[in-house]
Each structure stands twice: as structure tokens, then as C-alpha cells.
Amino acid sequence: MMADATAVTPQDVMISTALGRIHARRWPGADAPIVLLHDSLGSVGLWRDFPAHLAEATGRAVIAYDRLGFGQSDPHPGKLDADFVFAEARDAFAALIRHFDLSRFIAFGHSVGGGMSVAIAAAFPQACIGVITESAQQFVEDRTLSGIREAGEQFLDPAQLERLKRYHGDKAQWVLDAWVKTWLSAEFAGWNLDDTLPRVSAPLLAIHGENDEYGSMRHPEKLVALAAGPAQMLPLAGCGHVPHREREAVVLEAVQEFLARHGI
């Protein structure tokens, strides 16, 4: 039963990178694990029960990690650069690959983590055998920026920042600033995945809620259109920015079908 998945004991580790240690958690299962990349305010803890349910549904190991500056990872030594999406593949994810000796893996990214999963697939084409994006941004859209501005205003309420501290501790303000200030900066305005997707040969599944407040359906449409390998889109009617929470059963079934269809 799905509820029993949370009884599986995951393994927690700290992995050294050039800028500090990152925290990772691994749920046991078969090789070629699914690696989860969290959103702009996310962490391992904020995935909640989804990694355990994903491991049970697919029979695969699942690895989730806190990016540097997030969750239980070390504080980030500075601010995010405009190329932080691509830098994740070169830096922290490369360290994660070395630590777990990942010769084959599936990258599954939520929101900005979806963009990172695309960058990772392009950076490690032999090892990445599948890409799943969920609510991913492919470019900087007015709807995305509007949603970020509105969220930034909500976090002026001290109670909202306290909620963030439950997952990020004293790093919570940095996490919020890294999201809002980076995405609203002039340096980031031209960011997109146009030149990266043609280097992604692994099969790709783009899951996107039609009511996503941080991105229109243009994002999955472009992900699918520009990817070099076989790609498909799964639009979810009535769903917002967090399909794995709002439509978990649908997402789990879609992942199972995607892996089976491509023999991954």
C-alpha cells in the first residue's frame, strides 16, 4: 500500500562540494535512480512523502538533495549568479554523481529544478537516461515574474518567513532573496533553455498544470518542441504549480508509464 512507503528508512549523507557540503537523502530501490531537484524555495523536507511514494511506485531508488544554501545543506557563501541553473550541473550535481557513483540516472525536477534537470541531461548525456520536468520554466515569462512579485509581498508577513525557517533555518531569508532577487534581476531577464534542449537526447516528459501561477503552457510546449530526443507533454487540467502534491497519483502513474514506454 502507498502508506507503507514512508516506513522505508532512507539514508542521509553530507557530500562535499567546492563551495560547501550538500545534504542528500536516498530511498532504497533498484539502480538507475530517480534524482529529484527541488524548486526555488524547496528542500528535501518539502518533497514530503513523494520520494517514498515514487520509490514504491517505480521500484527504483530515489535521491533528493538540498541545493547549497537550502534545507540541511551548508549556507551558500554568496549570492546566486545569473547562470545558477547551468552551474548546478557543473558543481553540486557533479559531486552527487561522484558520491553515489551514478553511471545511469533519471533527472526529475520541479519548477526551476526542471530547468536544472534539462541542464543536467545536456551535461551528462551518457549517464542521464530520462528527464522528467514538473512545472518547469523554460524561459523568463511575465506570468512567472508576476507570481514571484506577489509571493515576495506575501513574505513580508513575518509568519510566512517563519514557515520557511522550518525547512531552511537561519538560511530562510537567503533562500527567499535568492529566488526573488535573482529572477527579477536584469541579468536574468534573457535566461532560457533554447540552446540547451537541442543537446538533450534522453526521453523527456514535461508535466505542467494548466492553472500554474508561475508559468503558462508555453513552457512545456517549448520543452517538447526543442528537445532533441523523444519528448511528450502531460497537461493537467485544474492543476497549479505543484502537481506532485495536487495530483500525486496522476504524476506517479505518468512516471511509471514514461519509464515503461521508453524501456528505462
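A57 is a good place to start: this residue belongs to helix α1, which covers residues 50–58. Helices (H or I, at least four residues) and strands (E, at least two) are DSSP runs, numbered from the N terminus. The model is predicted, so local features need pLDDT of at least 70 and side-chain atom pairs count only at pLDDT 80 or more, while totals for chains, interfaces and linings use all residues. Residues are numbered from 1 along each chain as its sequence is written, and side-chain values use heavy atoms, with hydrogens and water left out.

Apart from its neighbours within four places in sequence, A57 is in contact with L252 and Q256; contact means heavy atoms within 4.5 Å. A57 and T144 are 87 residues apart along the chain, and their C-alpha atoms are separated by 32 Å.

**The annotated region**

An unreviewed UniProt entry carries the annotation "domain: AB hydrolase-1" for residues 33–244. UniProt positions are given in the numbering used here, feature names are shortened, and annotations may be inferred rather than shown by experiment. Over residues 33–244, the chain is 40% helix and 17% strand, with its end C-alpha atoms 18 Å apart.

**Helices α5, α6 and α7**

Here are two helices with their spans, where the expected span is 1.5 Å times one less than the number of residues.

| Helix | Number of residues | Span between end C-alpha atoms | Expected span |
|---|---|---|---|
| α5 | 13 residues | 19 Å | 18 Å |
| α7 | 12 residues | 17 Å | 16 Å |

Which residues of α5 are buried? They are T144, L145, G147, I148, A151 and G152, where buried means under 20% relative accessible area, exposed means over 50%, and partly exposed lies in between (1.4 Å probe, protein chains only). These buried residues cover an arc of only 160 degrees around the axis, which puts them on the same side of α5. The arc is that of the directions from the helix axis to the C-beta atoms. On the other side of α5, D142 and E153 are exposed. The cover over the buried residues of α5 includes α7 (172–183) and α8 (218–226).

Helix α7 has its own list of buried residues: A172, V175, L176, A178, W179, V180, T182 and W183. They pack against α2 (84–90), α4 (112–123), α5 and α6 (158–168). V175 of α7 is buried, with a relative accessible area of 0%. Leaving aside neighbours within four places in sequence, V175 is in contact with S40, L41, G69, F70 and H168. The C-alpha atoms of V175 and E56 are separated by 31 Å, and these residues are 119 apart along the chain.

H168 appears again in α6, where L161, L164 and H168 are buried. They cover an arc of only 55 degrees around the axis, which puts them on the same side of α6. The buried residues of α6 pack against α7.

**Two loop residues with positive phi**

R48 is found in the loop between β3 (30–37) and α1. Although R48 is not a glycine, its phi is positive, at about 55 degrees. Its relative accessibility is 47%, so R48 counts as partly exposed.

S135 lies in the loop between β6 (128–134) and α5. Phi of S135 is also positive, near 60 degrees, in a residue other than glycine. Is S135 buried or exposed? At 1% relative accessibility, S135 counts as buried. Not counting residues up to four places away in sequence, S135 touches H110, S111, I207, H208, D212, G240, H241, V242 and P243. One of these partners, G240, is 105 residues from S135 in sequence, yet their C-alpha atoms are 8.5 Å apart in space.

**Rings and charges**

How many aromatic pairs does a search of the whole structure find? There are 12 aromatic pairs. Rings of Phe, Tyr and Trp (its six-membered ring) pair if their centres lie within 6.5 Å; planes under 30 degrees apart count as stacked, over 60 as edge-to-face and the rest as tilted. Y65, F93, F105 and F124 form one aromatic cluster.

Some rings also have a charge over them, meaning that NZ of Lys or CZ of Arg is within 6 Å of the ring centre and within 35 degrees of the ring normal. The charged end of R67 sits over the ring of F70, at 4.7 Å from its centre. The ring of F139 has the charged end of K222 over it, 5.2 Å from the ring's centre.
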